[in-house]
Amino acid sequence: CEGFYDLVLGMRPNGKPLWRMRGGSRWIYMGTDGRWYVGGIMSRRRQFRCESGYMFHSAQGCPLPVMLQGPWSWGDSKTWYEDPAIEVRQVTEAELVDVA
């Protein structure tokens, strides 16, 4: 799930912005439960009308994922594990230069 995500213009599943991973099949979206997820193909097939993904944040109703505080969690199909090392943030100018 690590990488750069770009805003998807013209799509607002569940009334919120959607981001797609550059060169990958991952999306950051707000689930139907009001929580932010990093989902994959199955989330996309459901048109993001779901509550599933590889990672999620337990806070509900936050307008943007970069505003969330506290840990994100990743799952192994059985259990969710809080991981303070997971970051969802805006890219810095220096990081943009490194990518170019």
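Leaving aside neighbours within four places in sequence, S43 is in contact (heavy atoms within 4.5 Å) with Y29, F48, C50 and S52. S43 itself sits in helix α1, residues 41-45, where helices are DSSP runs of H or I with at least four residues, strands are E runs of at least two, and both are numbered from the N terminus. With a relative accessible area of 2%, S43 is buried; here buried means under 20% relative accessible area, exposed over 50% and partly exposed in between, using a 1.4 Å probe and protein chains only.

A word on the ground rules. This is a predicted model, in which local features need pLDDT of at least 70 and side-chain atom pairs count only at pLDDT 80 or more, while totals for chains, interfaces and linings use all residues. Residues are numbered from 1 along each chain as its sequence is written, and side-chain values use heavy atoms, with hydrogens and water left out.

## The sheet

The strands form an open sheet of seven, in the order β1-β2-β3-β4-β5-β6-β7, with antiparallel pairing; two strands pair if DSSP finds at least two bridges between them. At the edges stand β1 (5-7) and β7 (80-83), and each has a single partner strand, so one side of each is left without a neighbour in the sheet. From one strand to the next the twist averages 25°, with axes taken as lines fitted to C-alpha atoms (for helices over the stretch in contact) and angles running from 0 to 180 degrees between N-to-C directions.

Starting at the β1 end, β1 and β2 pair in the antiparallel sense over three bridges, and D6 stands opposite R20 in β2. Further along, β5 (residues 55-57) is joined to β6 (residues 72-75) by three bridges, again antiparallel, with F56 facing S73 in β6. Between β6 and β7 there are four bridges, also antiparallel, and G75 stands opposite W80 in β7. β6 and β7 form a hairpin with four residues between them, and S77 in the turn has a positive phi of about 80°.

## Cores and rings

In soluble globular proteins, nonpolar side chains tend to be buried together. A nonpolar core here is a set of buried Ala, Val, Leu, Ile, Met, Phe, Trp, Tyr and Cys residues joined through side-chain atoms within 4.5 Å. The largest one has 13 residues, and Y5, I28, W36, V38 and W72 have the most contacts inside it. Two or more residues each come from β2 (19-21), β3 (27-30) and β4 (36-39). Not counting residues up to four places away in sequence, I28 touches Y5, P17, L18, W19, W36, Y37, V38, P65 and V88. Apart from this core lies another, of seven residues, among them L18, W27, Y29 and C50.

Aromatic residues also make their own network. Rings of Phe, Tyr and Trp (its six-membered ring) pair if their centres lie within 6.5 Å, and by this rule the count comes to seven aromatic pairs. Ring pairs link W27, Y29, Y37, F48, F56 and W80 into a cluster.

## Cysteines without partners

The whole structure holds zero disulfides, a disulfide being a pair of cysteine sulfur atoms within 2.5 Å. For C50, the closest cysteine sulfur is in C1 at 14 Å, too far for a bond. C62 is in no disulfide either, as the nearest cysteine sulfur, that of C50, is 19 Å away. C50 is buried at 6% relative accessibility, and C62 counts as buried at 13%.

## Loop residues

Most residues other than glycine have a negative phi, and most peptide bonds are trans. Two loop residues other than glycine with a positive phi are set out below.

| Residue | Place | Phi | Relative accessibility |
|---|---|---|---|
| N14 | loop between β1 and β2 | near 55° | 34%, partly exposed |
| F48 | loop between α1 and β5 | near 65° | 1%, buried |

F48 has come up before: this residue is in contact with S43 and belongs to the ring cluster.

One more loop residue deserves a look. G24 lies in the loop between β2 and β3 and is buried, with a relative accessible area of 17%. The C-alpha atoms of G24 and E2 are separated by 9.9 Å, with the two residues 22 apart along the chain.

Key: Rings of Phe, Tyr and Trp (its six-membered ring) pair if their centres lie within 6.5 Å; planes under 30 degrees apart count as stacked, over 60 as edge-to-face and the rest as tilted.
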